[in-house]
Structure formats: structure tokens, C-alpha cells
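Dear colleague,

I am passing on a structure that I have been looking through, and I would be glad if you could keep it open while you read the notes underneath.

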Amino acid sequence: MTDTARTPPHAAPNCDLFCQVIDNYGDAGFAWRLARALHAERGWRVRLFIDRPATLASLVPALGAGAGAEGLESGFTAQSVDGVEVLPWDRALAARPAGIVIEAFGCRLPDTYLERMAAEAAPRAWINLEYLSAEPWVRGCHALPSPHPRLPLTKHFFFPGFEVGTGGVLIERGLEQERLAFRADPAERATTLGALGADPRAPFTVFLFCYPSAPLAALAQALAASPQPSQWLLAPGAAREFASLAPPQARCVALPFVPQADFDRLLWSVDLALVRGEDSFVRAQLAAVPFVWQAYPQAEGAHLAKLEAFARRYADGLSPAPAAAWLGFSRAWNEGTMSSATWDALRASLPELAKHADSWRSRLASLGSLADALGSFAEARLK
Ligand code: TRH
């Protein structure tokens with residue numbers, strides 16, 4: 001698709017997806033996941049405009065292979081990967097708008113692009129895809145229209161979520177079959193862990209991906225008080241600090257940043273996942289493994305409200321002791337405190353948490369995939 005491409009009648013919809021990287025990997029990671037799904041599953045022709053292609057290249061190594069981070073930041077022009085055209089943000093300044101325009105997480109579209117959108121005669125869909133939250137107000141705001149104050153354009157809010165009446169979460173077609181096949185074959189797990197330098201025979205393996213505020217020293221102390229051996233797979237970044245704090249019975253393995261295409265297999269291989277942000281949080285749920293979520297820290301503790309809202313939903317259906325253990329650990333992990341009792345209670349609850357993880361995954365799957373919900377919502381606006 002070029003900048004001047006038009007959508008012929010009855011052709012697959014064109015979509016422009018915009019992503020500005022605020023911080024970390026989640027914005028780019030989710031935008032990429034969505035772009036791929038809309039192309040592969042709905043047949044859309046997707047252009048992804050992104051301001052930091054180098055961040056995306058950490059997740060998608062085929063992007064700019066050989067260009068290096070500097071080349072991706074300054075000299076990147078365009079590249080098609082998995083059928084998605086990835087473009088630097090500035091290319092939108094002169095692009096002819098697609099019929100469906102999605103701004104991820106409220107990133108502001110260039111004014112010139114908006115003006116060209118308004119000048120187009122054909123019906124179009126303009127969607128602001130919001131952050132994921134389990135808070136009850138989300139359902140009431142999902143799909144609401146917001147007319148532009150000056151131009152004849154209407155934007156619609158689209159909220160991912162955990163209940164009927166929201167957009168759900170993104171679940172790629174075939175993901176569950178792939179996961180079940182992986183879980184049925186121990187050699188797959190052994191290969192995955194072995195390739196990362198981890199020991200597949202370790203009795204208890206934890207994936208650790210966290211923000212700097214996680215109480216790593218206190219967790220290490222809690223582990224020191226327990227003789228049970230464990231293996232800790234440390235994602236790049238803050239989690240790596242754990243290697244210098246952990247007691248000898250907690251073997252630490254420093255992981256490389258694995259491509260997004262391999263990330264699920266990593267999660268499918270562990271007994272417990274400590275995840276963060278939004279995307280690894282959802283992937284851990286789809287992996288159906290016990291997990292604890294560290295919410296992206298926000299001003300005035302807004303993230304703690306998000307944690308509580310999610311926890312209320314997630315803990316529903318657990319017996320009282322595992323519910324208390326999971327809630328206690330989740331709160332401690334997010335508030336920066338931790339004790340041996342909190343860790344011990346979580347560990348003792350893992351068998352029930354593993355069963356619960358399975359039924360929670362089924363509940364999420366019953367909502368359908370966000371790519372389909374968003375796809376149908378946007379396509380309906382083109383008629
Ligand atoms: O990187 P994050 O902290 O991103 C966050 C959140 O999205 C948050 O909501 C947002 O507001 C903030 O950024 C600005 O955590 P998250 O969301 O889990 O994203 C990490 C992505 O990186 C996810 O797509 C999984 C992927 N990943 C890999 O592909 N390989 C890896 O080795 C690791 C550790 C992560």
C-alpha cells in the first residue's frame with residue numbers, strides 16, 4: 001500500500017494504526033500484535049505509523065534487520081513485515097488517510113492528517129483505542145462517540161476489558177491450540193528453556209519481569225528463609241537486580257530480550273509468572289499459568305485502583321485461602337513490601353491458582369478477541 005492508495009469498492013479495508021511509545025515496550029508491543037491480527041485475521045491492509053521504530057525492532061527483530069538502533073531512529077523509511085507496513089510517524093504528515101484510523105492509547109494524530117481525513121467523502125472509522133482496565137466505569141465508556149470540536153469527524157472510544165460490553169483482550173486465532181500442543185509435549189518446554197540457558201528439570205521455575213519499585217530485596221529475604229529450590233528467569237531491566245540479591249537455593253538466569261513471537265512459549269514454560277504493564281499481563285492470563293501483576297506505576301496510586309479492580313474480578317471463584325494469598329502477594333508486590341509469610345502463602349496456593357488460571361483463561365476466551373470486536377465495530381462504520 002502506498003501513501004496515495006485508495007480503497008476500491010468491496011476491497012479489504014485500509015487501516016492506519018498510530019502508536020507513540022510513551023515508555024517501555026507495551027505500547028509498541030500491543031500495537032504490533034493488533035496490526036498483525038487485523039491483517040492476518042480480518043484481511044485488512046494495515047499501515048502502522050510509529051514514532052520509535054527501534055523499540056518495535058526489539059520485539060520484532062525482522063524490522064530494520066541490520067540497520068541498528070540509530071538507523072531505525074533516524075533513517076527508517078518503511079518496511080513490510082508479516083504483511084503489515086511499518087512507517088515512521090512523520091510519514092503520516094503527507095499520507096492519504098485510510099478508511100479506518102486507530103490511535104493507540106490516545107496518541108494525538110497530526111493536524112494535517114486529521115484535516116485530510118475530514119476532506120474525504122467516503123464514510124470512515126476513527127477509533128481511540130484505550131488502555132486496558134478492569135475498573136467498572138470502562139463498560140459505560142466503551143464505544144462512546146466524541147465529535148471533533150471543529151472538523152466533521154467523530155472519534156469513538158474503544159476499551160479493552162474483562163467483561164461483556166467491553167472490547168475484551170486480543171487473542172490470536174489458533175493461540176490456544178498452539179499452547180495446548182506445546183504443553184502436551186515436554187520436549188517443547190525443554191527446548192525453550194534450554195535455549196535460554198535455563199534448566200528444564202528445575203522443580204519450580206519463575207519468570208520475573210518487573211518495574212524498579214518491585215520489592216526484590218524483601219522477596220530475596222523471603223526465599224532465603226525457605227529451603228525449597230527455585231529457578232528465576234530474569235527479564236532484562238529491573239528484574240536483573242534480583243541475581244545479586246537471591247539466596248543460593250534460588251538459581252537466577254539472566255534472559256535476553258526474547259522476540260515477541262517467542263514470548264508466549266517462555267510463559268507457557270514456567271510455574272509462576274511475575275509480569276507487568278498490560279501486554280505481558282494479558283499474555284500471562286492467556287498462558288493459563290499462575291501469575292502476579294505489577295501495574296505500571298502512576299501518579300496518586302491510580303495503578304493501585306486498577307490492581308484492586310482486576311483483583312476483585314480475578315479472585316472471584318478462588319477458595320478463601322488461595323484468594324487471600326494471591327491478593328496479599330499482589331498488593332505487597334505493588335506496594336513495595338514483602339514478607340516470608342506472603343511468599344510462603346502464595347507458593348502453597350499454587351496448585352489451586354494453576355487450576356484457576358485455566359478457568360480464567362476460558363472466561364477471557366468466551367468474550368472473543370479484541371481484534372474481532374474492534375474489526376466489526378470499525379467495519380460497521382464504513383457502511
Ligand atoms: O514494557 P511494559 O512495562 O509496557 C508498559 C505498559 O504497556 C503500560 O501499560 C504502559 O502504559 C507503559 O508501558 C508506557 O510492559 P508490557 O505491557 O508487559 O509490555 C512488554 C512487552 O514486551 C510485551 O509485548 C511483551 C514483550 N516482551 C517480549 O517480547 N520479550 C521479552 O523478553 C520481554 C521481557 C517482553
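The notes below begin with the ligand and its surroundings and then turn to the salt bridges. Please bear in mind throughout that this is a predicted model.

The ligand occupies the space of the largest pocket, and 23 residues surround it, of which Tyr211, Val258, Arg276, Asp279 and Ser280 come nearest. By character, this shell is made up of 12 nonpolar, six polar and five charged residues. As for the helices that contribute to it, at least two residues of the shell are supplied by each of helix H1 (26–42), helix H9 (260–268) and helix H10 (279–287), and it is H1 that gives the largest share, with three residues.

Turning to the polar contacts of the ligand, I would draw your attention to three that involve its oxygen atoms. In arginine 276, which is also among the residues that come nearest, an N or O atom of the side chain lies 2.8 Å from an oxygen atom of the ligand. Tyrosine 25 takes part through its backbone, where a polar atom is 2.9 Å from a ligand oxygen, whereas glutamine 260 offers a polar side-chain atom at 3.5 Å from an oxygen atom of the ligand. The ligand taken alone would expose 700 Å², and 97% of that area is buried by the protein.

Away from the ligand, the count of salt bridges comes to 22. One of them joins the side chains of arginine 42 and glutamate 379, with an N to O distance of 3.0 Å. Because arginine 42 belongs to helix H1 and glutamate 379 to helix H15 (residues 370–380), this pair ties together parts of the protein that are 337 residues apart in sequence. Helix H1 therefore appears in both parts of these notes, since it also supplies three residues to the shell around the ligand.

With best regards

Terms used:
Residues numbered from 1 in each chain as written. Predicted model: local features only at pLDDT ≥ 70, side-chain atom pairs only at ≥ 80, totals over all residues. Heavy atoms only, no water. Near = heavy atom within 4 Å. Polar contact = N/O pair within 3.5 Å; in protein donor to acceptor, adjacent residues only side chain to side chain. Areas by Shrake-Rupley, 256 points an atom, 1.4 Å probe, with all protein chains shown as cover. 1 Å grid on protein atoms, 1.4 Å probe; cavity = no way out; pocket = protein on both sides within 12 Å on 5 of 7 lines; lining within 4 Å. Sits in = over half its atoms within 2 Å of the grid points. Helix = DSSP H or I, 4+ residues; strand = E, 2+ residues; numbered from the N terminus. Nonpolar A, V, L, I, M, F, W, Y, C, P; charged D, E, K, R; others polar. Salt bridge = Lys/Arg side-chain N within 4 Å of Asp/Glu carboxyl O.
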